Amino acid sequence: MASPDSHLDVVPAASEDCTTIDVENPFDGSVVGRVPSTGTEALDDLLARARRGAAVSRQLPRHKRADILEGAAARITDRCDSFANTIVAEAGKTIVQARKEVMRCANTLKLSAEEAKRNTGEVIPFDAYPGSEQRQGWFTREPLGIITAITPYNDPLNLVAHKLGPAIAGGNALLLKPSELTPLSAMKLVEVLIEAGLPEEIITVAIGGVDLGKALVSARDVRMVSFTGGFAAGEAITRSAGLKKLAMELGGNAPVIVMADCDFDMAVESCVSGAFWAAGQNCIGTQRILIQAQLYQRFRDAFVLATQELTAGDPSREDTDVGPMISETVAKRAEAAVNDAIAAGATLLCGNLRKGSLYNPTVLEGTPPTCSLWHDEVFAPVVMLSPFETLDQAIDMANDPDYSLHAGIFTNSLSVALEASRRLDAGGVMINDSSDYRFDAMPFGGFKHGSIGREGVRFAVEEMTQPKVVCINRR
């Protein structure tokens with residue numbers, strides 16, 4: 001079974017002896033659920049079901065799609081504690097953070113319901129071209145068909161909603177492969193959508209490893225792959241996908257610039273939250289804080305003090321600020337990266353204490369730019385502080401990595417804020433907010449090496465649909 005209160009069928013491996021995957025609590029290692037493992041030999045069955053789902057989904061009127069999404073959002077809101085407890089159990093998020101993710105998921109579905117009724121196309125002015133005065137017409141936005149959606153473990157509910165909601169709004173069917181580490185939240189979301197009236201064939205859940213993922217993205221019937229995850233996996237998908245649309249969010253290394261004229265208390269508080277929310281397992285989490293030199297010592301001391309006051313521990317407790325990482329393996333990887341940086345000359349200001357999968361919030365200064373910690377995504381509760389003299393220097397430092405999703409700047413100067421927003425190479429620039437601020441309706445994606453397309457409900461619906469032109473010659 002998937003969980004004590006789950007009844008959703010997952011397509012299993014095409015064998016008599018179906019293997020299963022244990023879902024473990026990252027804090028204490030207990031098994032919190034068990035799900036069937038889908039093998040590549042089930043691909044034909046998966047695709048056949050998805051083809052039926054695509055035909056059904058395309059025929060659903062827009063008002064029906066909207067009603068289903070609204071109904072699911074209402075049910076999720078009513079069952080907030082149940083969903084939040086599942087997130088805590090399988091992902092290790094603190095209960096406070098998990099409740100916020102549940103409410104964001106409900107909002108993502110509501111936004112998707114609105115787009116189901118709104119994103120319809122537009123009239124084409126054919127008479128703007130000489131010789132076409134007798135023609136008139138329009139274009140509509142039509143479903144792509146079958147979409148493969150692959151989701152990560154760090155936001156196991158809302159990041160799934162960001163793929164399912166827009167795809168349903170656009171009239172598509174989905175092959176959903178959630179992370180094997182956190183499949184329970186995704187399965188509960190699909191159950192609620194079906195309860196709200198979604199025909200079961202529209203979403204097919206398949207849980208498995210790399211071979212299954214490769215089969216799902218390379219299938220010719222699949223018209224789009226929507227992927228959130230790591231760079232290596234993203235590059236592998238591009239090699240396997242063939243001729244189909246790709247939407248990829250592949251992580252980042254977010255900088256935040258702190259100018260000397262900032263609101264000091266707000267900057268410290270926001271950067272602490274931005275660096276250590278979800279144990280740092282956040283693609284737009286603050287990883288590098290660049291502080292103007294005259295403010296550096298004061299900011300460093302206040303930031304370290306605030307970090308040391310965070311409570312790391314049992315994510316089910318209301319007073320816990322930082323829960324475990326998803327596994328001991330990734331916590332050890334973060335610890336090793338920090339130790340490498342220290343060996344290369346960085347100074348540890350606090351943290352770097354690990355107990356199993358629990359890794360205490362860690363702050364470094366003086367990290368050499370040659371370290372992987374400086375130029376790669378750490379995806380852990382680790383942040384680096386560095387001083388700068390001028391805005392030009394700060395922007396050069398901020399733009400140094402090869403990829404960037406979000407950046408932030410704290411300043412009371414409108415001209416400085418606008419200048420930074422123009423020059424920072426990032427998909428979003430948060431002014432007087434940490435880099436990790438995200439509203440689920442805004443376009444979301446990165447610059448440079450690391451993203452293809454945009455999420456954010458309206459923009460994802462556009463990615464997941466295609467224009468069809470209708471032209472009438474009145475002659």
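This note covers one helix pair and two loop residues in a predicted model.

1. **How H9 and H10 pack.** Helix H9 spans residues 264-276, and helix H10 spans residues 293-308. Their axes lie 10 Å apart and meet at an angle of about 50°. That angle makes H9 oblique to H10, since angles under 35 degrees count as roughly parallel and 65 to 115 as roughly perpendicular. The crossing of H9 past H10 is right-handed.

2. **Which residues make the contact.** From H9 come Phe264, Ala267, Val268, Cys271, Val272, Ala275 and Phe276. They meet Leu295, Arg298, Phe299, Ala302, Phe303, Ala306 and Thr307 of H10. By type, the contact residues comprise 12 nonpolar, one polar and one charged. Arg298 in H10 belongs to the charged class. Thr307, also in H10, falls in the polar class.

3. **Ala278, after H9.** Look at the loop between H9 and strand S11 (286-292); Ala278 sits there. Its phi is positive, about 55°, yet Ala278 is not a glycine. Most residues other than glycine have a negative phi. Is Ala278 buried or exposed? Ala278 is buried, because its relative accessible area is 8%, and the cut-off for buried is under 20%.

4. **Phe379, between H12 and S16.** A positive phi also appears at Phe379, with a value near 55°. Phe379 is likewise a residue other than glycine. The loop that holds Phe379 runs between helix H12 (372-375) and strand S16 (382-388).

Terms used
Residues numbered from 1 in each chain as written. Predicted model: local features only at pLDDT ≥ 70, side-chain atom pairs only at ≥ 80, totals over all residues. Heavy atoms only, no water. Axes fitted to C-alpha atoms, helices over the stretch in contact; angles between N-to-C directions. Helix = DSSP H or I, 4+ residues; strand = E, 2+ residues; numbered from the N terminus. Parallel < 35°, antiparallel > 145°, perpendicular 65-115°, else oblique. Left-handed = near helix turned anticlockwise from the far one by under 90°. Contact = heavy atoms within 4.5 Å. Buried < 20%, exposed > 50% of the residue type's maximum accessible area, 1.4 Å probe, protein only.
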